[in-house]
Amino acid sequence: MDISLISIGNSKGIRLSKTVLEKYHIQDTMELILEKDHIVLKPKTSARKGWEKAFKKMHENGDDKLLLPDVFVEETFEEWK
């Protein structure tokens with residue numbers, strides 16, 4: 001796909017169609033990755049996107065139990081005094 005650069009003040013920019021924005025779920029920000037001989041634009045996503053939904057599903061399925069016992073259950077903190 002060929003696109004033209006547009007002037008934005010002293011800079012240049014690109015214009016993305018509504019179809020591209022919707023297809024790749026692009027909102028307000030993108031990640032720009034500069035590689036050896038090309039530029040990659042990626043939709044910006046939050047680091048923990050979807051975690052809340054996944055944790056809720058784990059809880060509903062009973063999969064949110066500790067795999068190892070709590071380290072401090074049998075500990076006394078007298079030695080720390």
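Reader: Quick check before I look at the pocket: Ala, Val, Leu, Ile, Met, Phe, Trp, Tyr, Cys and Pro count as nonpolar, Asp, Glu, Lys and Arg as charged, and the others, Gly among them, as polar. How do the residues of the lining of the largest pocket divide?

Author: The lining has 10 nonpolar residues, 1 charged and no polar ones. One note first: this is a predicted model, where local features need pLDDT of at least 70 and side-chain atom pairs need 80 or more, while totals for chains, interfaces and linings use all residues. Residues are numbered from 1 along each chain as its sequence is written, and side-chain values use heavy atoms, with hydrogens and water left out.

Reader: Good to know! Which residues line the largest pocket?

Author: Going along the chain, Met1, Ile3, Ile14, Leu16, Val20, Tyr24, Ile26, Met30, Leu41, Lys42 and Pro43 do. A pocket here is an open set of points on a 1 Å grid where a 1.4 Å probe fits, with protein on both sides within 12 Å along at least five of seven lines, and lining residues have an atom within 4 Å of a point.

Reader: And which strand gives the most to that lining?

Author: Strand E4, residues 39–43, with 3 residues. Strands (at least two residues) and helices (at least four) are DSSP runs, numbered from the N terminus.

Reader: Changing topic: how many residues of helix H2 are buried?

Author: The number is 0 of its 11 residues, so helix H2, residues 51–61, lies largely in the open. Buried means under 20% relative accessible area, exposed means over 50%, and partly exposed is in between, using a 1.4 Å probe.

Reader: What follows H2?

Author: Gly62 comes next, and its phi is positive, near 75°.

Reader: How many aromatic pairs turn up in the whole structure?

Author: The search finds 1. It is between Trp51 and Phe55, with ring centres 6.0 Å apart and planes at 70°, so it counts as edge-to-face. To pair, ring centres must lie within 6.5 Å; planes over 60 degrees apart are edge-to-face, under 30 stacked, and the rest tilted.

Reader: Where do those two sit along H2, and how accessible are they?

Author: Trp51 and Phe55 are 4 residues apart in helix H2, so about one helical turn separates them. Trp51 is partly exposed at 44% relative accessible area, and Phe55 is partly exposed too, at 48%.

Reader: What about His25, what is its phi?

Author: His25 has a positive phi, near 55°, and it is not a glycine. For context, most residues other than glycine have a negative phi. His25 is in the loop between helix H1 (18–23) and strand E3 (30–34).

Reader: Is His25 buried or exposed?

Author: His25 is exposed, since its relative accessibility is 59%.

Reader: Last topic: how many salt bridges does the structure hold?

Author: There are 2, where a salt bridge is a side-chain nitrogen of Lys or Arg within 4 Å of a carboxyl oxygen of Asp or Glu. In one, Lys18 meets Glu22, with the closest N and O atoms 3.9 Å apart. Both lie in helix H1, 4 residues apart, about one turn of the helix. Lys18 is exposed, at 61% relative accessibility.

Reader: Which side chains meet in a salt bridge at 4.0 Å?

Author: Those of Lys65 and Asp64, going N to O. Lys65 is exposed, with 60% relative accessibility, whereas Asp64 is partly exposed at 36%.
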